[in-house]
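Hi,

Here is the structure I promised to pass on. Have a look at it first, and then read my notes below.

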Amino acid sequence: MEVGGEAMMRVQALSEAGVSQVPPPYIQLPHNRPQLKFNTSSTSNNNQSSSIPPVIDLFNFKPNCRDLVRESIGRACREWGAFHVTSHGIPTSLLDHIKAAGLSFFKHCPIPDKLKYSCNPSSFASEGYGSRMLLLGKDDPHNEGNVVLDWRDYFDHHTFPLSRRNPSRWPHFPPDYREIVAMYADQMMTLAQKLMGLISESLGLRSSYIEDAVGELYQNITISYYPPCPQPELTLGLQSHSDMGAITLLIQDDVGGLQLLNHNRWVTVPPLSNAILVILADQTELMDSVT
Ligand SMILES: O=C(O)CCC(=O)C(=O)O
């Protein structure tokens with residue numbers, strides 16, 4: 001494979017070229033390097049001392065379970081700002097299909113074909129295939145104005161409002177990719193709205209409070225690909241950040257590696273099959289802290 005030019009900017013190209021040392025732009029400063037110590041995990045539902053975000057059964061939003069679910073969500077928001085949900089109504093087959101479609105695009109579509117979908121690297125959250133979404137780090141006084149790059153490639157899709165959705169800009173491979181992303185986006189939007197209702201209620205507010213405050217809902221679906229790294233102790237797949245917006249819904253494959261900051265310690269969040277991780281993003285967290 002040719003490794004050079006724009007392809008060189010893709011982490012997958014570096015990884016597949018078999019580099020034995022990560023290039024300097026990807027090396028995190030010592031204080032930012034990953035803590036690879038794994039916490040012992042407990043998945044029990046309402047365990048206050050759990051070492052991972054709680055797992056909350058949504059009972060498919062059955063009205064007679066709403067009080068119980070609302071209470072668990074309120075506690076999880078206060079203690080973690082994040083929680084897993086099960087019985088959320090998104091079919092397991094759809095979760096499997098989107099993971100498979102994303103993996104197939106990254107693994108089996110040649111890099112020159114992927115580059116046809118390149119996002120605009122100079123525009124924030126631009127749609128498409130890229131490697132540099134967050135340009136954080138340059139304000140860190142230790143970085144002397146430099147940005148450290150993530151060990152990740154991604155594809156970002158603009159999916160809501162529908163006026164932003166243009167599947168012809170999305171991969172054509174595998175053949176059902178566009179249909180799966182559109183279905184996933186629709187179902188995740190419905191789930192996000194239901195969850196915002198429950199989070200609002202857990203704060204003693206009317207169900208529509210967060211949605212009314214946020215205004216028109218924007219949704220991006222980002223599929224991340226973290227290629228094997230020769231020196232994982234020096235790099236981060238994605239640098240520490242909080243998400244702007246109202247709510248993040250995240251599914252993991254079974255490799256793991258995701259970490260959340262909880263009470264000033266980084267906690268490794270193991271993948272739980274069929275569960276969806278809900279993370280309060282900046283706007284909701286702000287509302288949570290002022291109500
Ligand atoms: O890919 C991940 O596991 C994390 C994604 C994430 O934090 C984000 O997209 O904001």
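A quick definition before the ligand: I call a residue near a molecule or strand if its C-beta atom, placed from the backbone, lies within 6 Å of it. By that rule, the residues around the ligand are T222, S224, L238, D243, T248, L250 and L258. Strand 5 (219–225) and strand 6 are the elements that give two or more residues to this shell. (Helices, H or I with at least four residues, and strands, E with at least two, are DSSP runs numbered from the N terminus.) Sorted by class, the shell has 3 nonpolar, 3 polar and 1 charged residues. Here Ala, Val, Leu, Ile, Met, Phe, Trp, Tyr, Cys and Pro count as nonpolar, Asp, Glu, Lys and Arg as charged, and the others, Gly among them, as polar.

Two things to keep in mind: this is a predicted model, where local features need pLDDT of at least 70 and side-chain atom pairs count only at pLDDT 80 or more, while totals for chains, interfaces and linings use all residues. Residues are numbered from 1 along each chain as its sequence is written.

Now the overall picture. The protein chain comes to 8 helices and 9 strands, and 30% of its 291 residues count as buried. Buried means that 20 or more other C-beta atoms lie within 10 Å of a residue's own, exposed means 12 or fewer, and partly exposed is in between, with C-beta atoms placed from the backbone.

Next, the strands. Strand 9 (residues 276–280) is mostly covered, with 4 of its 5 residues buried. Strand 2 (residues 82–86) also has 4 of 5 residues buried, so it is largely enclosed by the rest of the structure. These two strands run antiparallel and are joined by 4 bridges, with V85 opposite I276. (Strands pair if DSSP finds at least two bridges between them.) Strand 6 (residues 247–250) pairs with strand 9 as well, again antiparallel and over 4 bridges; there L249 stands opposite V278. Strand 1 (residues 55–57), on the other hand, pairs with strand 2 in the parallel sense over 3 bridges, and V55 has H84 as its bridge partner.

Helix 3 (residues 66–79) is worth a look too. Its 14 residues reach 20 Å from first C-alpha to last, close to the 20 Å expected at 1.5 Å a residue (the expected span is 1.5 Å times one less than the number of residues). V69, S72, I73, A76 and C77 are its buried residues. Seen down the helix axis, they fall within an arc of 135°, so they line one face of helix 3; the arc is that of the directions from the axis to the C-beta atoms. On the other side, D67 and R78 are exposed. After the helix comes G81, with a positive phi near 70°.

Finally, some backbone oddities. Most residues other than glycine have a negative phi, and most peptide bonds are trans. F59 has a positive phi of about 45°, and N60 has one near 50°. F59 lies in the loop between strand 1 and helix 3, and that loop is also the place of N60. F59 is partly exposed, whereas N60 is exposed, with 10 other C-beta atoms within 10 Å. The peptide bonds from F160 to P161 and from F173 to P174 are cis, each with omega near -5°.

Cheers
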